[in-house]
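Biologist: Please put the model up, and I will ask what stands behind each term you use for it.

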Number of protein chains: 2
Amino acid sequence: MELWFTEKHTEHVKFSIQVDKQLYSGQSEFQRIDIFDSPEFGKFLTLDGYMMLTEKDEFIYHEMIVHVPMAVHPLAKRVLVIGGGDGGAVRELTRYLGIERIDLVEIDRQVVDVCRKYLPQTAGRLDDPRVSIHYEDGLKFVRAEENVYDLIIVDSTDPFGPGEGLFTKEFYGNCFKALKEDGLMVNQQESPFYPVDAIAMQRAHKRIVDSFPVSRVYQAHIPTYPSGHWLFGFASKKYHPTEDFDASAWMKLGLKTRYYNPKIHIGAFALPNYVKTLLEEVEPGR
Amino acid sequence: MELWFTEKHTEHVKFSIQVDKQLYSGQSEFQRIDIFDSPEFGKFLTLDGYMMLTEKDEFIYHEMIVHVPMAVHPLAKRVLVIGGGDGGAVRELTRYLGIERIDLVEIDRQVVDVCRKYLPQTAGRLDDPRVSIHYEDGLKFVRAEENVYDLIIVDSTDPFGPGEGLFTKEFYGNCFKALKEDGLMVNQQESPFYPVDAIAMQRAHKRIVDSFPVSRVYQAHIPTYPSGHWLFGFASKKYHPTEDFDASAWMKLGLKTRYYNPKIHIGAFALPNYVKTLLEEVEPGR
């Protein structure tokens, strides 16, 4: 017998992973949640049939969504993670001893419960005493906060379904308001390669540019996401992502990483011309 | 009716592209050659069922295998391309007016003929008067040359089947001999992500390190290759790939590119820690 998980990366492109067995399948109030075990990627989590993370390559996504902003703002003490119920971003954040408090706002309690049970690799640090989990809508949560956070990490699903509100202009504006005067925000921002994803990326970028004085895009190689070329948004009130980045200060922290390093930090902001063109289309004079 | 081309990226991972129709299928003396047309990627070429190039993303591979070495050695006059019968590397090379002669050594004449007919996007510059095509075994061709080339581009298939000899120590040693005293060589070097590819990458890197005083690895996002994270080897007698790279000199050439730019050049050599570890395993003290 052969069992294969297949995700359509576009209408005309499929990515398939052989599965040993399905470990969990459930329907929450918000979405379908599945956990599979696979020979190539270890355990992996899907939401509504879309790949969220695999044990083999989640380190790339989580290191890049956390260490890039933390290396620019190493004095961050209070961090908000929106989405990210798998705990991977929180795990990387807890490695910074200077962080005093992490608020994790995940709309779907069932995602956290399932990840705690099946994915201790990512969820294992959710019990850190600095972490508070709020089972709420991130859009509503952030609306109520003002001048509180040093860093907001938007670790959302795709810009449709439960994650849709986390790609709106209102949401980015509220994140701006919730940040301190030198605060910054990063978000997962889809892929530039397939037109269907690139349009979502452009729309998100336009809205962030309209909300923050500093707005850049960076990239990583994430093999299990569509095209493998994944983008993150870096939005900031004050700090520039490469000019205000102190490589030696980050190195002194002594954090062991498997993807991120200071050269990757700089290289991640070096975008291919075709990606720069997509950004210029929504940000004239970039 | 739905028609899908599927490639196994590993025993447990499949990548599938919907096909409008098969335009060509033939068996040469060396390999099976197919051309398909697809809604997402345009026309694409496979050899023995492995993806070689698609019209949509071939620019990434060909720009990165040509402009990186040319930007380090802009005075290159005589270039050897081994493999690359699709003509994509030659197309990028012909844009440099300083290049006086390009030798293309392709073992399989049928690949060139099929690409001329179905893929003018890549093969269209094979008629440039500076190009000489040799239908020979690259391993034998390079053995006979000494102190002739400024640049050798090894645009091979995977390290099994017809391309196998282009990953041997003897071949790299002969490339060294065929290069002038300031010459350099680049090669496609597989992916670091899946263990089956990473082993081939490590083996090639070890052999190049043993043959050249300067040996580095660089990367690009190529969505239709396994994992999307693709590596190239940069081997040189004299020039360092980033320290001897003059960004403003390259910019003055005025070449329009869709992926490559001087910041990408530097960023491409910034490797993730896990890739650096793989290289250190075969190159102690790196």
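The exchange below takes up sheets, domains, the chain interface and a salt bridge.

Modeller: One remark before we start: this is a predicted model.

Biologist: What makes β1(B) and β2(B) a pair of strands?

Modeller: Two strands pair if DSSP finds at least two bridges between them. Seven bridges join β1(B) to β2(B), residues 13-19 of chain B, so the criterion is met, and the two run antiparallel. T6(B) stands opposite S16(B) of β2(B), and K8(B) stands opposite K14(B), also of β2(B). The two strands form a hairpin, with two residues between them.

Biologist: Which strands make up the sheet that draws on both chains, and in what order?

Modeller: The order is β1(A)-β2(A)-β2(B)-β1(B), four strands with antiparallel pairing.

Biologist: Why is that sheet called open?

Modeller: β1 (3-10) of chain A and β1 (3-10) of chain B stand at the edges, and each has a single partner strand, so one side of each is left without a neighbour in the sheet. Neighbouring strands here are turned by 25° against each other on average, with direction ignored.

Biologist: Which strands form the open sheet within chain A?

Modeller: Four strands in the order β3-β4-β5-β6 of chain A form an open sheet, paired antiparallel. β3 and β6 of chain A hold the edges with a single partner strand each, so one side of each has no neighbour in the sheet. The twist averages 20° from one strand to the next.

Biologist: How do you know that β4(A) and β5(A) are paired?

Modeller: The threshold is at least two bridges, and β4(A) and β5(A) have six, so they count as paired, in the antiparallel sense. F36(A) has F44(A) in β5(A) as its bridge partner.

Biologist: What lies across β3, β4 and β5 of chain A?

Modeller: Helix α3 of chain A, residues 109-118, lies across them, running at about 160° to β3(A).

Biologist: How is chain A divided into domains?

Modeller: Domain 1 covers 3-54 and domain 2 covers 58-282. The centres of the two domains of chain A, taken over C-alpha atoms, are separated by 23 Å.

Biologist: How do you know that domain 1 and domain 2 of chain A are in contact?

Modeller: Contact requires heavy atoms within 4.5 Å. By that rule 24 residues of domain 1 of chain A are in contact with 24 residues of domain 2 of chain A. The area buried between these domains is about 2100 Å², and carbon and sulfur atoms give 69% of it. On the domain 1 side, H9(A), F30(A) and L53(A) lose the most area to domain 2 of chain A, together 26% of what that side buries.

Biologist: What polar interactions are counted between these two domains of chain A?

Modeller: The count is seven residue pairs in polar contact, both residues at pLDDT 80 or more. Across the same interface of domain 1 and domain 2 of chain A, the rule finds zero salt bridges. The strands β1, β2 (13-19), β3 (21-27), β4 (32-38), β5 (42-47) and β6 (50-54) of chain A each supply at least two residues of the domain 1 side of this interface. β6(A) gives the most to that side, with five residues.

Biologist: How many residues does each chain put into the contact between chain B and chain A?

Modeller: The contact takes 41 residues from chain B and 41 residues from chain A. Together the chains bury about 3500 Å² between them, 62% of it on carbon and sulfur atoms. In chain B, the residues that lose the most area to chain A are H12(B), F193(B) and H221(B), together 20% of what that side buries.

Biologist: How many salt bridges and how many polar contacts are counted between chain B and chain A?

Modeller: Zero salt bridges are counted between the chains, alongside 23 residue pairs in polar contact, both residues at pLDDT 80 or more. β1, β2, β12 (214-221), α9 (262-268) and α10 (273-282) of chain B each supply at least two residues of the side that touches chain A. The largest share of that side, six residues, comes from β2(B).

Biologist: Why is D127(B) with R116(B) called a salt bridge?

Modeller: The rule asks for a side-chain nitrogen of Lys or Arg within 4 Å of a carboxyl oxygen of Asp or Glu. The closest N and O atoms of D127(B) and R116(B) are 2.7 Å apart, so the pair qualifies. D127(B) sits in the loop between α4 (120-123) and β9 (131-134) of chain B, and R116(B) in helix α3 of chain B, eleven residues apart. Over all chains, the search of the whole structure finds 22 salt bridges.

Technical notes
Residues are numbered from 1 along each chain as its sequence is written. Chains are lettered from A and ligands numbered from 1 in the order in which they are written. This is a predicted model: local features need pLDDT of at least 70, side-chain atom pairs count only at pLDDT 80 or more; totals for chains, interfaces and linings use all residues. Side-chain values use heavy atoms; hydrogens and water are left out. Axes are lines fitted to C-alpha atoms, for helices over the stretch in contact, and angles run from 0 to 180 degrees between N-to-C directions. Domain bounds come from an automatic or database domain assignment. Buried area is the accessible area (1.4 Å probe) that two parts lose on being put together, summed over both. A polar contact is a pair of N or O atoms within 3.5 Å; within protein, one must be able to donate a hydrogen and the other to accept it, and residues adjacent in sequence count only if both atoms are side-chain atoms.
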